[in-house]
Amino acid sequence: MPPHLFRNVGKGRFEEVTNAMGAAFAAPRVGRGAAYADINNDGRLDLLLSTNGGPAFLFRNEAQGAAATNHSLRIKLIGTKSNRDGIGAHLALIAGGRTQIAERIAGSGYLSQDDGRVHFGLGSAPKIDKLTIHWPSGKEQVLENLQPDRVITVEEPR
């Protein structure tokens, strides 16, 4: 069975984009796991698909057109009072008039593990107005006026 890929179009709706990914993606496989990570730190999430008894397949996100100019922010959390990886931290990011929410989770899927950094896609927003982190310890941390298109490391306040 071929894998399926869906794009989030907002408001709880998704569209299937499998056919636009080319023949290599649409080939039938016995998939066992999928992991997402920005392997080359270009701000676009890439996909690694593992198979049952076969090789893994890496699909690099080579966005074109307007999607190639979108912005992002990747956040590596370091806990001090909370656990060292910030697992369980809740993040709220405001950019371009939109609020996005994410949680740093420990696991991501069957037989796979996503990048440990929290990734926010910002679209055309040229800056991040505010990032609020609620650490598992109960501490709250606020960062403002951040520049996009990079990885930042945020250490939990002591």
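Which backbone nitrogen lies 3.0 Å from a polar atom of the side chain of Asp38? In this predicted model, the partner is the backbone nitrogen of Asp42, which is placed at that distance from the side chain of Asp38. Asp38 itself belongs to the loop that links strand S3 (31–37) with strand S4 (46–51). With a relative accessible area of 2%, Asp38 falls under the 20% limit and is therefore classed as buried. Once its neighbours within four places in sequence are set aside, the residues in contact with Asp38 are Gly43, Arg44, Leu45 and Asp46, together with Arg74, Asp115 and Arg117.

Arg44, one of the residues that Asp38 contacts, is likewise located in the loop between S3 and S4. The side chain of Arg44 extends to the backbone oxygen of Asn61, from which it is separated by 3.1 Å. When residues up to four places away in sequence are not counted, Arg44 touches Asn61, Glu62 and Ala63, as well as Ala68, Ala37 and Asp38. The contact between Asp38 and Arg44 thus appears in the lists of both residues.

Turning to the strands, an open sheet is made up of 4 strands in the order S8-S7-S10-S11, and the pairing within this sheet is antiparallel. Strand S8 (98–103) and strand S11 (140–146) occupy the edges, and because each has a single partner strand, one side of each remains without a neighbour in the sheet. From one strand to the next, the twist has an average of 15°. Within this order, strand S7 (residues 90–95) and strand S10 (residues 128–134) run antiparallel and are joined by 5 bridges, with His90 standing opposite His134 of S10.

A further antiparallel pair is formed towards the start of the numbering by strand S1 (residues 6–10) and strand S2 (residues 13–16), between which there are 4 bridges. Gly10 faces Arg13 of S2 across this pair. The two strands S1 and S2 make a hairpin in which 2 residues lie between them, and Lys11, situated in the turn, adopts a positive phi of about 55°.

With respect to aromatic side chains, the count of aromatic pairs comes to 0 under the rule applied, in which ring centres must lie within 6.5 Å. A ring is nonetheless involved in an arrangement with a charged group, as the charged end of Arg29 sits over the ring of Phe57 at 3.8 Å from the centre of that ring.

Key
Residues numbered from 1 in each chain as written. Predicted model: local features only at pLDDT ≥ 70, side-chain atom pairs only at ≥ 80, totals over all residues. Heavy atoms only, no water. Buried < 20%, exposed > 50% of the residue type's maximum accessible area, 1.4 Å probe, protein only. Polar contact = N/O pair within 3.5 Å; in protein donor to acceptor, adjacent residues only side chain to side chain. Contact = heavy atoms within 4.5 Å. Pairing = 2+ DSSP bridges. Axes fitted to C-alpha atoms, helices over the stretch in contact; angles between N-to-C directions. Phe/Tyr/Trp six-rings, centres within 6.5 Å; stacked < 30°, edge-to-face > 60°. Lys NZ or Arg CZ within 6 Å of the ring centre and 35° of its normal.
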